[in-house]
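Subject: Structure handover

Hi,

As promised, here is the structure for you to load. My notes on what turned up follow just below it.

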Amino acid sequence: MSPDERPLALHVATRLILGGPTRPIGATLAALERRGFRTALAAGRAEPGEVEDLAARASVRIPALRRAPAPFSDALALLALARLVRTLRPAVVHTHTAKAGALGRLAARLAGGGAATVHTFHGHSLGRAASGWAAPVWTACERALAAGATDLALAVSPGQRDELARLVPRLEGRLRTVPLPLDLTAYPPLGADDAWDLGRRTRPAAPDGVSLAFVGRGVPVKGLDFLARAGTRLGARNRRAAERLTIVVAGPVAPEVARAIDDERRAGSGPQWLFLGPLPNPLPVIAAAGGIVLPSWSEGTPVAVLEALALGRPVLASAVGGVPELLAADWRREGPGEWRATPAPPRGLLLPPGHVEAWAEALERFVLGPRRIPGDPVERRGFAQRVFDPRGRGDDVAALYRDLLKKKEPRPR
């Protein structure tokens, strides 16, 4: 088959920023190219305060495609996506994230041409923890899209698949599970000077200190302000433990969150904080730290946790969204798009979100001995390599595409 005859898969994402689904989307595109598909990626631009992932390459930019609700821009983005579909004539339109998911699937139907529509729920906006008052609106949108604009929906974990089947019953029968592909070799390499400087900067302040890394966007839903309160509580119960702990933040931090952390630092005797800003490759920070911390109020399947597991590092995280499946379940593949999760010994520490005393106790436990956090480094790495293997998950997506396209072929008369 010549390159021009390969079916085209057009992927659509709201924006390509550091963290979140950007790297898994890139890994999926690379895998599909090796499996007989051409690929293209359309995306909007980062919002103020966000940082574009320079390692990600969009084939087409849609300037009107924005994360925040904007009726006029949304209409322009819908028309631009419909024109793109009519021009490229893809066999598959595969959307990611809520806004691109809604507009991209509608554009595929508006453009005609019979493209198969696929949507990946990396997280979802159907719960109040993630979307607040807008959650019922997003749920109604997804139920309407399921009725006529979604040929296949992909969840990123078995538990999320079950949750989506309950929230959007019309997806049943068109809902599959494909874990996120994690390709650690695709991260930008560090030069020797950069690696030395990063290692020097991330060294804990105390000679006998330990560090925990937070990797991601420091927006309110990620709970860094709450973590600062838990750090102050740690200082009250064990000042020496607080002095030994450094929390390293790799990512942009929203101004209101930064102010809340500063207030706690001035008022109490909590841990040291080190802000590195956005990093194109957070793996050295995770590797240098004793573990990672994720005090979020809402999560999907956080990539930072996958990265930590792949490096064998312990995780302290809120028991929200898909995190418990990552830290307390074993996943078994039963076929392309078919996975089952069963309870397993913990490979990290799950904590109630917003519970200051529980988090302070967990921080103290970590400082007194990181090995006190449940889990075995070898088992963590093995779980991540087996479940989130980019080659295997690429095979699964390609198989699901081919099955979907076969079903959409016109039947002979």
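To start with a single residue: is Arg 23 buried or exposed? With a relative accessibility of 18%, Arg 23 counts as buried, because buried means under 20%. Please keep in mind that this is a predicted model, and that local features are reported where pLDDT is at least 70.

**Helix α1**

Arg 23 belongs to helix α1. Leaving out residues up to four places away in sequence, Arg 23 touches Leu 18, Asp 53, Ala 55, Tyr 187, Pro 188 and Pro 280. Ala 30 is also found in helix α1. Its relative accessibility is 33%, so Ala 30 counts as partly exposed. Ala 30 also has a partner from far along the chain: Gly 394 is 364 residues away in sequence, yet the two C-alpha atoms are 8.3 Å apart in space.

For another pair, take Ala 140, which is found in helix α5 (residues 135-148). Ala 140 and Pro 390 are 250 residues apart in sequence, and 33 Å separates them in space, C-alpha to C-alpha. Ala 140 has a relative accessible area of 46% and is therefore partly exposed.

**The nonpolar cores**

In soluble globular proteins, nonpolar side chains tend to be buried together. Here the largest nonpolar core has 64 residues, and Leu 245, Leu 316 and Phe 388 have the most contacts inside it. Helix α12 (residues 303-310) gives the most to this core, with seven residues. Another core lies apart from it; this one has 21 residues, including Val 12, Leu 65, Leu 84 and Val 93.

What does Phe 388 contact, once neighbours within four places in sequence are set aside? The residues are Pro 179, Leu 180, Pro 181, Leu 182, Leu 306, Leu 326, Trp 331, Phe 383 and Arg 393.

**The cavities**

You may want to look at the empty space as well. How many cavities of 30 Å³ or more does a search of the whole structure find? There are two.

The largest cavity holds about 120 Å³ of space. Its lining has 15 residues, and those nearest its centre are Thr 28, Thr 120, Val 178, Leu 180 and Pro 181. Two of these names have come up already: Leu 180 and Pro 181 are among the contacts of Phe 388. The elements that give two or more residues to this lining are α1 (22-33), β4 (92-96) and β6 (152-155). Helix α1 gives the most, with three residues. By class, the lining of the largest cavity has ten nonpolar residues, five polar ones and no charged ones.

The second largest cavity holds about 30 Å³. Its lining is made up of Thr 202, Ser 211, Ala 213, Val 248, Val 285, Ala 288 and Ala 289. Here the elements that give two or more residues are β8 (210-215) and α11 (283-288). The lining of the second largest cavity divides into five nonpolar and two polar residues, with no charged residues.

**Helix α2 and what follows it**

Helix α2 (residues 71-88) allows a quick check of geometry. Why does its length agree with expectation? At 1.5 Å a residue, its 18 residues should span 26 Å, and the end C-alpha atoms are indeed 26 Å apart. The expected span here is 1.5 Å times one less than the number of residues, which is why the count of 18 leads to that value.

The buried residues of α2 are Ser 73, Asp 74, Ala 77, Ala 80, Leu 81, Ala 82, Leu 84 and Val 85. They pack against β1 (8-13), β2 (38-43), β3 (60-61), β4 and α3 (98-111). Leu 84 is also one of the residues in the core of 21.

Just after α2 comes Arg 89, with a positive phi of about 50°, although Arg 89 is not a glycine. Arg 89 is found in the loop between α2 and β4. With a relative accessibility of 68%, Arg 89 counts as exposed, because exposed means over 50%. Thr 97 is not a glycine either, and has a positive phi of about 70°. Thr 97 is found in the loop between β4 and α3.

Happy to talk it through whenever suits you.

Best wishes

Definitions and conventions. Residues are numbered from 1 along each chain as its sequence is written. This is a predicted model: local features need pLDDT of at least 70, side-chain atom pairs count only at pLDDT 80 or more; totals for chains, interfaces and linings use all residues. Side-chain values use heavy atoms; hydrogens and water are left out. A nonpolar core is a set of buried Ala, Val, Leu, Ile, Met, Phe, Trp, Tyr and Cys residues joined through side-chain atoms within 4.5 Å. Buried means under 20% relative accessible area, exposed over 50%, partly exposed in between (1.4 Å probe, protein chains only). Helices (H or I, at least four residues) and strands (E, at least two) are DSSP runs, numbered from the N terminus. Contact means heavy atoms within 4.5 Å. On a 1 Å grid over the protein atoms alone, a cavity is a set of points where a 1.4 Å probe fits but cannot get out, and a pocket is an open set with protein on both sides within 12 Å along at least five of seven lines; lining residues have an atom within 4 Å of a point. Grid points are joined across faces, edges and corners, and a volume is the space filled by probe spheres set on the points. Ala, Val, Leu, Ile, Met, Phe, Trp, Tyr, Cys and Pro count as nonpolar, Asp, Glu, Lys and Arg as charged, and the others, Gly among them, as polar.
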